[in-house]
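Here is my note on the two-chain model you sent round. The points are numbered so that you can reply to them one at a time.

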Amino acid sequence: MRELIRRIRYWLHARTERAALEEEMRLHVALRAERLQDQGLTPQEAARAARRTFGNELQLEERSREMWIARWLDELLRDLRLGARGFARNPGFTAVAVLTLALGIGATTGIFSVVKSVLLEPLAYRDSARIVAVQTLWTNTHRPGNVSGGDYPDLIAEPSPFSAATRYSGGELAIEIAGRAEFIPTFGVDAGFNDVFQLNPIAGRLISRAEFTTKAPVILVSHGLAASRFGGAQQAIGQTVKFDDRVLTVVGVLPAGFHFPLKAELWLPIFWENQNRTAGNYKAVAILKPGVSLEAARAHLSTVGARLQQAFPSTHRNKSFTATPLKDLFVERSRNTLWLLMAAVGLVLLVACANVANLLLARATARSREMALRVALGAGRPRLLRQLLVESALLGLAGGTAGLLLAYAGLGALLRFAPPNLPRLDEIRVDPGALLFNLAVSLAAALLFGLWPAWRAARAGVHESLKQGGARSVIGGGRAEWARGALVCAEIALALVLTLGAGLLFRSFLALNSVELGYQTTGRLVLTASIPARTEAQYLQAGATFARILDSLRQIPGVFGAAGVMGLPTGPYGSNGLYAVEGLHHSNTPSDKLPQAGFRLTSPGYFAVMGVPLLSGRDFNERDLFESEPVAIVSAALARQVFPGQSPLGRRIKCGLERDVWMKIVGVVGDMRNDSPAAAPGPELYMPYRQQPYHANDLHLVLRAQGDVAHAASAAITSIDPSIPIKIATLEQFHSDAVALPRFRSLLLIVFATLAAVLSTAGVYGVMSYAAAQRHSEMGLRLALGATGSNVVSLLLASGAKLAAIGLAIGLVLALAAGRFLESMLFGVKSRDPLAILAAAALLGAAALLAALIPALRAARLDPATALRDE
Amino acid sequence: MRAGHRATIPQGTLDMLILQTLAAHGTLHGFEIAESILRVSDDVLQVEEGSLYPALQRLLVKGFILGEWGRTNDNRRARYYQLTPEGRQYLGLEVQEYLRVTRAIGRIVRPLEA
């Protein structure tokens with residue numbers, strides 16, 4: 001340790017130490033000379049002999065110095081110091097280079113942070129790698145689905161690969177706390193819930209097994225809920241809430257940050273039991289026994305599936321089961337997007353590196369004399385190379401540090417615009433792993449942009465550069481031009497790939513946004529309302545209350561229409577299942593032969609409010625009540641499905657939503673894209689909400705209105721029943737959330753493409769400027785010989801155009817190849833869309849030509865005499 | 001072997017010789033150290049200037065000696081070296097080891113003594 005201090009102190013005083021050593025050695029030489037004189041030599045001979053014994057003084061000093069500082073370290077420190085000084089002397093160059101690198105490296109680090117936090121980091125649960133989602137697997141479509149209450153016990157019966165498992169179901173439900181009703185994410189769970197997540201309450205206790213069995217009125221709440229509603233974790237214990245007319249008591253508080261599933265704040269024993277084997281009402285998670293592999297679990301579930309297929313051939317024909325690691329489930333949808341962003345940002349980084357490489361090539365020309373001198377003085381080429389690479393590393397690290405700051409700032413902005421349904425959004429941060437990545441990328445980039453210029457500079461011939469006027473021509477006009485031109489072509493190519501990608505995604509987003517939905521989204525207000533009900537009487541009463549509410553809403557000035565629906569398009573929930581048509585299907589028709597449709601419950605006037613055309617028959621009216629004849633309305637797609645070429649009116653239809661009764665079809669309406677704008681509209685079966693009361697106490701009330709009627713609307717509801725919780729949004733907001741991910745994607749890609757385009761255009765400008773300056777005297781000569789200004793311009797512009805053309809051609813090939821990976825994210829446009837390709841190429845080409853034009857125009861205004869004189 | 005022929009100092013022992021010289025004679029400057037070694041070894045061991053100063057620097061790094069600027073008898077500036085406690089300790093261990101090895105070698109070659 002003390003030795004280290006001595007070394008550092010030596011290094012700090014290196015110059016004085018060196019002088020001291022020289023003085024010491026001079027004394028030694030003098031004394032040796034005197035000694036030799038005493039032995040009989042003449043003073044001159046003695047002096048010469050004495051000096052000879054010392055040998056090469058320079059080498060001696062070097063060897064002495066090496067005792068203190070290892071040679072490599074000494075050289076490194078010197079290179080760093082000289083490099084930093086060199087950069088400080090060229091602030092313009094340094095600023096541009098560091099900024100360019102900061103943009104490239106910063107963007108890369110930022111996106112990497114997101115990718116790492118979302119895709120790579122394990123979930124925040126104990127042993128999260130062993131937690132799996134248990135799902136139904138439909139073998140005919142290969143799509144996973146919910147688990148049914150009837151199948152679930154078979155999936156987890158011993159011997160099983162799971163040490164614990166739980167079902168869960170729920171969502172934003174109406175909970176009344178301290179007299180105020182609101183929507184809280186609430187989920188019913190099984191006894192296995194405690195063990196799957198190895199929960200440890202921070203206050204109170206967990207729900208006991210017995211309480212799960214008896215469905216006792218106890219709940220767990222999240223830390224956030226306890227703090228905001230009850231003033232703290234301890235204070236929450238023993239408090240009560242009301243749900244569906246039951247009083248529930250808080251017995252435990254879960255740690256902060258635990259929100260499984262999906263932002264849950266409240267957990268209770270599963271309240272809605274459905275033992276049906278065909279209704280997929282639940283999701284399930286389980287934790288694997290230690291040592292059991294995922295494959296083993298999947299094999300076990302397949303076996304169970306096969307066994308059930310044998311036992312229930314009609315209902316379970318295409319049904320099997322599978323397990324998926326929970327993390328994969330969460331991040332599945334965003335995986336492609338995140339890797340796309342990573343690739344895009346990688347391209348930006350490459351463009352930035354190419355730009356900096358160009359800058360370095362230009363700078364190397366100016367330093368060629370310095371390099372040649374050093375070579376002549378004995379520095380080996382490897383030594384020079386090392387020095388230049390150290391300088392590049394310095395530049396890279398400076399750019400990386402600045403980029404890190406940009407990444408922090410950028411992430412903040414990104415999180416604000418990110419779609420709310422991006423998984424693990426709250427876990428995104430710049431962690432030590434990202435810092436390490438930043439460092440690695442900085443150094444890698446330094447190597448990337450620095451190696452070639454350093455190689456060329458170190459290889460510079462000594463003779464040419466030391467000749468007079470050699471500074472200009474050392475790295476050889478032709479060879480250097482080629483190198484820089486090649487880099488710019490590469491930049492343009494990469495920028496084209498990004499621009500095309502951004503253009504395609506943007507067009508997809510526009511198409512998605514403007515797709516024919518089948519309904520209108522503008523000017524529609526949506527109120528989410530929920531009336532608690534448990535008994536049949538209460539459910540029927542809820543229907544009546546909603547009718548009164550809708551009437552009251554229609555009275556509000558500015559409201560042109562009000563209707564209710566269970567199953568809002570792009571809304572949080574809906575229902576679907578099998579249906580049967582009288583005459584077509586019989587009671588013994590096997591389930592897999594029955595057609596499927598979406599089920600929606602609507603109030604009279606819904607289709608008018610939503611702007612959906614009534615194609616034939618009539619809408620529901622106030623006379624379609626629970627006691628009346630059951631009726632239904634079908635969508636055009638359903639009519640095409642089972643009534644091709646005929647009118648469905650008057651035919652009878654039945655479905656498994658609730659009541660097992662034949663409903664008379666009274667109307668046909670136009671198709672709506674109910675699920676997501678990207679999915680084609682499917683067959684839909686609409687029923688009056690008052691005839692299916694068990695599903696109709698949670699409704700979305702849609703108002704077609706002008707002006708701000710939100711306050712009046714919620715006031716109207718509160719005046720009828722103050723205990724009904726309300727959430728207000730617009731239909732546009734619902735729709736917007738559904739396209740949030742494509743919008744986010746295209747937005748980010750546009751940002752990156754713009755970055756790349758700007759950088760590559762700057763690159764073109766730089767190279768063209770430099771080329772024009774190089775050809776200063778040539779242009780001057782031409783002008784003197786009679787060439788016009790426009791001749792000069794076209795001459796210089798032609799070389800720029802050639803660069804752009806080559807770059808665009810290469811870029812086109814790359815873009816077409818890369819386009820394949822984009823296909824899955826495109827909507828309404830193919831990756832080989834000629835219009836998009838043409839537009840992107842034209843945009844970049846125009847930018848490049850403009851960038852080449854400016855220096856060309858400048859050159860044309862040369863005074864021939866001065867140009868020739870400035871040789 | 002002719003008497004008076006100077007031998008090169010075996011590798012690794014130069015440090016030990018410098019330290020021993022300082023231990024015996026207190027404070028010396030570079031030239032004096034070289035002269036002392038030559039004299040005490042009966043004109044056998046000649047210190048190469050090319051090795052002396054790097055060796056001195058090495059011993060400075062390790063903290064076995066300290067250097068201080070002073071004046072010679074005829075008022076010339078010189079750097080005088082002296083032993084530190086750590087240097088003394090190191091010297092003791094080195095000498096011990098050297099003698100041990102030398103004796104062992106001696107035991108093997110002694111039969112060749114005429």
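1. In chain A, helix α2(A) passes helix α4(A) in a right-handed crossing. Helix α2 covers residues 14-38 of chain A and helix α4 residues 57-68 of chain A; their axes come within 11 Å and cross at roughly 130 degrees. Angles over 145 degrees count as roughly antiparallel and 65 to 115 as roughly perpendicular, so α2(A) and α4(A) are oblique to each other. On the α2(A) side the contact uses A:Ala14, A:Arg18, A:Leu21, A:Glu22 and A:Met25, and on the α4(A) side A:Leu58, A:Leu60, A:Glu61, A:Glu62, A:Ser64 and A:Arg65. Sorted by class, these residues of the α2(A) and α4(A) contact are five nonpolar, one polar and five charged.

2. All of this rests on a predicted model, and the confidence values should be read alongside the geometry. For the complex, the predictor reports an ipTM of 0.87 and a pTM of 0.79. Chain A has a mean pLDDT of 85, with 96% of its residues at 70 or more. One stretch of chain A to flag is residues 468-476, where the pLDDT is below 50; this stretch nevertheless has 19 contacts in the model beyond near neighbours in sequence. Chain B averages 86, and 92% of its residues score at least 70.

3. On overall form, chain A has 28 helices and 22 strands. The C-alpha trace of chain A spans about 135 × 75 × 55 Å along its principal axes. How does the radius of gyration of chain A stand against that of a compact globule of 871 residues? Such a globule would have a value near 29 Å, whereas chain A has 38 Å.

4. A second helix pair in chain A involves α6 (residues 91-120) and α15 (residues 381-417). The axes of α6(A) and α15(A) come within 6 Å and cross at roughly 50 degrees. An angle under 35 degrees would count as roughly parallel and one of 65 to 115 as roughly perpendicular; α6(A) and α15(A) are therefore oblique to each other. Their crossing is right-handed. The residues in the contact of α6(A) with α15(A) comprise 16 nonpolar, nine polar and no charged.

5. Three backbone features of chain A deserve a look. Most residues other than glycine have a negative phi, and most peptide bonds are trans. The bond from A:Glu158 to A:Pro159 is cis, with omega near -5 degrees, and A:Pro159 lies in the loop between α7 (152-156) and β3 (162-177) of chain A. A cis bond also joins A:Phe260 and A:Pro261, where omega is about -10 degrees; A:Pro261 sits in the loop between β8 (246-253) and β9 (266-269) of chain A. The third feature is A:Gln198, which is not a glycine yet has a positive phi of about 45 degrees. The loop that holds A:Gln198 runs between α8 (193-196) and β5 (203-204) of chain A.

6. Chain B has four helices and three strands, which follow the pattern α-β-α-α-β-β-α along the sequence. Taken along the principal axes, the C-alpha atoms of chain B fill a box of roughly 55 × 35 × 20 Å. Which elements of chain B have the lowest and the highest mean pLDDT? Helix α3 (residues 49-62) of chain B has the lowest, at 88, and strand β3 (residues 77-83) of chain B the highest, at 92.

7. Within chain B, helix α1 (residues 14-25) packs against helix α4 (residues 85-109) at an angle of about 120 degrees, with the axes 10 Å apart. That angle makes α1(B) oblique to α4(B). The crossing of α1(B) and α4(B) is left-handed. From α1(B), the residues B:Met16, B:Leu19, B:Gln20 and B:Ala23 meet B:Gly87, B:Tyr90, B:Leu91, B:Glu94, B:Val95 and B:Tyr98 of α4(B). The contact of α1(B) with α4(B) divides into seven nonpolar residues, two polar and one charged.

Notes
Residues are numbered from 1 along each chain as its sequence is written. Chains are lettered from A and ligands numbered from 1 in the order in which they are written. This is a predicted model: local features need pLDDT of at least 70, side-chain atom pairs count only at pLDDT 80 or more; totals for chains, interfaces and linings use all residues. Side-chain values use heavy atoms; hydrogens and water are left out. Axes are lines fitted to C-alpha atoms, for helices over the stretch in contact, and angles run from 0 to 180 degrees between N-to-C directions. Helices (H or I, at least four residues) and strands (E, at least two) are DSSP runs, numbered from the N terminus. A crossing is left-handed if the near helix is turned anticlockwise from the far one by less than a right angle, and right-handed if clockwise. Ala, Val, Leu, Ile, Met, Phe, Trp, Tyr, Cys and Pro count as nonpolar, Asp, Glu, Lys and Arg as charged, and the others, Gly among them, as polar. pLDDT is the predictor's confidence in each residue, from 0 to 100. Contact means heavy atoms within 4.5 Å. The radius of gyration is taken over C-alpha atoms; the globule rule is 2.2 Å times the number of residues to the power 0.38.
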